[in-house]
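Student: I've got a model open on my screen and I'd like to learn how to read it. Can you walk me through it, feature by feature?

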Amino acid sequence: MLNIRPHPLTRTLSPLTLRLDPVGQRPAAVIGEDPTSVIVRLGYPTIVPCYAIGYPQPIITWWRQNEMIQVRSENYELNKNMLTIKRVEPERLGAYTCQAYNGLGRAVSWTVTLQALPSEKVADPNAIDYGTILSSAFPSESASPVVTQTTTTTTEATSPHVYAVPVKVNITLETQVFGVGSDISIPCDVDGYPIPQVFWYKDGQVIENDGVHYRITESNRLHINQANATDSGEYRCVASNSYTSDENAVTIRVEGIFIHPSCRDLPLFANCKLIVEGRYCQHHYYSQFCCESCTRAGQLPSYGPHIKRAVEAEAAAADKKRRSRRSLVSRLFDL
């Protein structure tokens, strides 16, 4: 950013000449100590960033035990320079290698080792026996060198040269009770650096962003379209990056019956009490004329084709009423 300030004595702008040199080609390079280790949580998702520089912009690939990780798979997902592990399990701990190449010179790589804390809380993470935790992630003949390397690099992973802001998650919802058919919006405010990856869970299951019933926005807000009783439960927002993670949850309850604003009874056309008692609500005409009574009786859903027919019937009745008024006014003027 270039700021031009007035001269302190003359209060006039000083001339400034700006020269831009052409960008030269530069081989790829990866920023970070090699090797590095980070601590993750078992059973949760995590993201591992790879910061590469160079011109032209390098292409980044991730490798795991001499096999390249696909862009999208059951356990992994790649997004530009970010490797997302959808759920950290013991067999997914260990070394991951980021390789960057832009066609100049040789490809460069950077290796990060994932470690995991045990389930119980430990006051001093440096005193943990990672050999026990990583034993299932590596063959027995290579277990000792890996544990030795991991122990010696634990201090490097938490050294002051790493800039990280602890991840914080906050959910603020004014009400937790909603009516059937309501559109529910649950905010999730996330802070932290590197930018955390955010996942939503319902009763412990990952919510898929299908864009129909569930929709998750770029600001991590969860939208539930036309909620029903099965949408009641605990909704948990989980955020994590390579260093820390946090989560927050809210329990909502969907109950009652949702009545569409256009779903009304038209007693001029039918006796809705008799229609409900005779269970004729599924009839094409009666569903229009007795929409509200039939919905409250549980014989019609809150949404469906009958709502459209009810809207049309309501509009027809209003139009008929307007025509009758006009006719009456015209007759008065004729007199």
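Student: Let's start with the record. Which residues does the UniProt annotation "domain: PLAC" cover?

Tutor: UniProt positions are given here in the numbering used for this model, feature names are shortened, and annotations may be inferred rather than shown by experiment. According to the record, an unreviewed entry, "domain: PLAC" covers residues 259–298. In the model, which is predicted, that stretch is 40% helix and 0% strand, and its end C-alpha atoms are 11 Å apart. Helices (H or I, at least four residues) and strands (E, at least two) are DSSP runs, numbered from the N terminus.

Student: Any ground rules before we go on?

Tutor: Residues are numbered from 1 along each chain as its sequence is written. This being a predicted model, local features need pLDDT of at least 70 and side-chain atom pairs count only at pLDDT 80 or more, while totals for chains, interfaces and linings use all residues; side-chain values use heavy atoms, with hydrogens and water left out.

Student: What is pLDDT, and what is the average in the protein?

Tutor: pLDDT is the predictor's confidence in each residue, from 0 to 100. The protein averages 78, and 76% of the residues score at least 70. Among its elements, strand 18 (residues 222–224) has the highest mean, 95, and helix 2 (residues 143–157) the lowest, 38.

Student: Where does pLDDT stay under 50?

Tutor: Where pLDDT is low, the predicted coordinates should not be read in detail. Here pLDDT stays under 50 over residues 119–125, with 4 contacts beyond four places in sequence, and over residues 130–161, with 45 such contacts. A contact means heavy atoms within 4.5 Å.

Student: How many helices and strands are there?

Tutor: The protein has 6 helices and 20 strands. Of the contacts with a separation of 6 or more, 60% come from residues 24 or more positions apart.

Student: How do I read a sheet, and in what order do the strands of the open sheet run?

Tutor: Strands of a sheet pair through backbone hydrogen bonds, either parallel or antiparallel. Two strands count as paired if DSSP finds at least two bridges between them. In this model, 5 strands make an open sheet in the order 12-20-19-15-16, with mixed pairing. Strand 12 (177–179) and strand 16 (205–206) are the edge strands, each pairing on one side only. Strand 15 (residues 197–202) and strand 16 run antiparallel and are joined by 2 bridges; Lys202 has Gln205 of strand 16 as its bridge partner.

Student: What about the inside? Which residues have the most contacts in the largest nonpolar core?

Tutor: Buried means under 20% relative accessible area, exposed over 50%, and partly exposed in between (1.4 Å probe, protein chains only). A nonpolar core is a set of buried Ala, Val, Leu, Ile, Met, Phe, Trp, Tyr and Cys residues joined through side-chain atoms within 4.5 Å. The largest one has 22 residues, and those with the most contacts inside it are Ile184, Ile186, Trp200, Leu222, Ile224, Tyr235 and Ile252. Apart from it lies another core, of 21 residues, including Val40, Val48, Leu78 and Tyr96. In the protein as a whole, 33% of the 335 residues are buried.

Student: Polar side chains can be buried too, I guess. Is Gln299 buried or exposed?

Tutor: Gln299 counts as buried because its relative accessible area is 11%. You'll find Gln299 in the loop between helix 5 (291–296) and helix 6 (305–334). A polar contact is a pair of N or O atoms within 3.5 Å; within protein, one must be able to donate a hydrogen and the other to accept it, and residues adjacent in sequence count only if both atoms are side-chain atoms. For Gln299, a polar side-chain atom lies 3.1 Å from the backbone oxygen of Val276. Among the residues that Gln299 touches are Arg279, Tyr280 and Cys294.

Student: And where is Asn81?

Tutor: Asn81 sits in the loop between strand 7 (76–79) and strand 8 (82–85). Asn81 is buried, at 19% relative accessibility, and a polar atom of its side chain lies 3.0 Å from the backbone oxygen of Cys50.

Student: Last one: which backbone oddities should I look at?

Tutor: Try the peptide bond from Tyr55 to Pro56, which is cis, with omega near 0°. Then look at Asn66, which has a positive phi of about 65° although it is not a glycine; Asn66 is exposed, at 78% relative accessibility.
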